Amino acid sequence: MSCTEPRDLVHAYLDRELDLEKSLEMEQHFKDCATCSGAHEGGRELRHVLSEGGLYFRAPAALRTRTRALIQGPAERAQRSRSFAWRTMALGVPLALAAVLALTLVPLLKSPMTDDLVADEIVSGHVRSLMATHLTDVASSDKHTVKPWFEGKLDFAPTVVDLADRGFPLLGGRLDYIDDHSVAALVYQRRKHFINVFVWPSTTEGDLGERRSSRHGFNVIHWNAAEMTYWTVSDVSVSELEEFAGIVRERIASPPG
Amino acid sequence: MQSDQRSIQSSAKITQLTPPVARTAFEASVLPHLDAAYNLARWLLRNEDDAEDVVQDSYIKAFRFYDGFRGGNSRSWLLTIVRNACYTWLRQARPEDVTVPFDEDVHGRDSGGGPEADVLRSANAQSLKDALERLPIGLREAIVLRELEGLSYAEIAAVADIPIGTVMSRLSRSRKRLREFLSARAGQEISS
C-alpha cells in the first residue's frame, strides 16, 4: 500500500508534537495505512526498550561533590566540613531561595500565597526531594500501602492512584510542607525522571482548570478538584506532564474497579 | 587528583567575585540538572571519564556566564553549553567523530511492525548501548535528548541549534537506524 503522508509525521505524532486536528488525522490514517501504523507501533516499542534499557547515565557521586565544591565559595568550604555542607546545601539552598523570594515579596504578599510563589515552593520541594535523596517516606508501588501511611499524619486523606498501566509507576509518598500546610507528596516515575504530586485541601472554590508554568527547567501543572488542590512538577516535557496530569485527574474523578 | 585541584583553584577566583545571592540562584536552578548534563556528555563523547571533565568545565563556564542567563529554561540553557563543549572537545581530540557526514535530507522509509517488535523486546542492554553509540553524532544527540531526557522538539532545536523540522527528520532516521541495527544484531545471534 502506498501512502502520501510524510513518514516524519508518524514520529511527530509519537512524540505528541502535533496539534489536535493533525493528531486526529493521523489516528484515522493509521486505520487505513498498515505501513504508517506499523511504523508507529515500531516507534512505541523502541521507546519502551530504550526507557527500560538502563541507558541513562547518572552523574557519579564524585562529580557531584566536585561540582558543588567548585561553585561553593572557598570561605564557606573552610567553615564547614564536606558532608555537613553537602547536607545543609541540599536542604538549605531551595529554602534559602524561597526565603529570599519571600522576604523581597513580603510587602506585596497577601494571604493566601499567590500561585507564583506556591509554584516556586513546589519546584523547591521537588528539587529538595531529589537532592537530599529523600524522595519517599513510604516507598511502595501499592496504593493500598501508600494511602494508609498518611493516616494520622495529615488532617485529610489524599486519594492515591496507581498509574503503572499508563507508564507512570507509583514510587511512594512523603510528607512535605508547602504554603504553610503539611501536604502529601506522591512520587511517580517516567523513564529515569521523577514526578512529584503535591496535594492538600483547597482554599478556593471550584475547578479553575489547569494552570501551567515552568521555572528552572521544571514544568509545573496546577489544578483544583473535589475540594483539593493539586500541584505536579517534573523535568519531563510539558506534553508528558500534561498527559500525566490528565490521567491523574481522570483516575481521581473515577477510580477504576 | 591534580586536575581537580587546579579547577577548584581557578574557580575560587570566580566564586569570590560572585555575590552569594547569584550563587544561591545558580545552585537552585542549574545544579539540579547535573544528571542531564552528564548523561548528554556521556552519550556525545561515548566515554565516562571524558564526560566528567567536560561537564565540570561546562559548569565553570555556566557559572561564569550565569549573569547573562535571563531566566527561562535553565536545563536547556545548561545542555546547550554542555553540548557545545562536547563538540569543541571532540573537534580537538577525535575530529572523525564530528566530521562523519550523514544524509541530512533523505527521508527514510520505516518498515512496519510485525516480527520486528519481538526483536526489539529481546534486545539486551549491551546491544541497545551499541546501537546508540553507532549512530552519527547528530542523530545520537537528537534521540538521547528526546528519549532519555524527554525534551520537546523546540527544546532539542534550541540545544542542538537546528530547525524543528530537522529535529523531526533526525528522530525519524535515528529510530529507523536503531531498529535496523537491532534486527541485524538479532539475526546474527540466531545464525551464530
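In this predicted model, the hairpin formed by β2(A) and β3(A) has 2 residues between its strands, and Asp179(A) adopts a positive phi near 55° there. The two strands of this hairpin run antiparallel and are joined by 8 bridges, with β3 of chain A covering residues 181-190. Within this pairing, Leu170(A) lies opposite Tyr188(A) of β3(A).

Strand β2 of chain A, which spans residues 170-178, also pairs with strand β1 of chain A, residues 138-139. This pairing is antiparallel and extends over 2 bridges. Here Ala139(A) faces Gly172(A), a residue of β2(A). Strand β2(A) is thus described by its pairing with β1(A) and by its pairing with β3(A).

Attention now turns to chain B and a pair of helices. Two packed helices are described by the angle between their axes and the distance between the axes. In chain B, helix α5 comprises residues 74-93 and helix α10 comprises residues 153-160; their axes come within 8 Å and cross at roughly 40°. Angles under 35 degrees would count as roughly parallel and those from 65 to 115 as roughly perpendicular; α5(B) and α10(B) are therefore oblique to each other. Their crossing is right-handed.

Which residues make the contact between α5(B) and α10(B)? Helix α5(B) contributes Ser76(B), Leu79(B), Thr80(B) and Arg83(B), while α10(B) contributes Glu155(B), Ala158(B), Val159(B) and Ala160(B). Sorted by class, the residues in this contact of α5(B) with α10(B) are 4 nonpolar, 2 polar and 2 charged.

Conventions
Residues are numbered from 1 along each chain as its sequence is written. Chains are lettered from A and ligands numbered from 1 in the order in which they are written. This is a predicted model: local features need pLDDT of at least 70, side-chain atom pairs count only at pLDDT 80 or more; totals for chains, interfaces and linings use all residues. Axes are lines fitted to C-alpha atoms, for helices over the stretch in contact, and angles run from 0 to 180 degrees between N-to-C directions. Helices (H or I, at least four residues) and strands (E, at least two) are DSSP runs, numbered from the N terminus. Angles under 35 degrees count as roughly parallel, over 145 as roughly antiparallel, 65 to 115 as roughly perpendicular and the rest as oblique. A crossing is left-handed if the near helix is turned anticlockwise from the far one by less than a right angle, and right-handed if clockwise. Two residues are in contact if their C-beta atoms, placed from the backbone, lie within 7 Å. Ala, Val, Leu, Ile, Met, Phe, Trp, Tyr, Cys and Pro count as nonpolar, Asp, Glu, Lys and Arg as charged, and the others, Gly among them, as polar. Two strands pair if DSSP finds at least two bridges between them.
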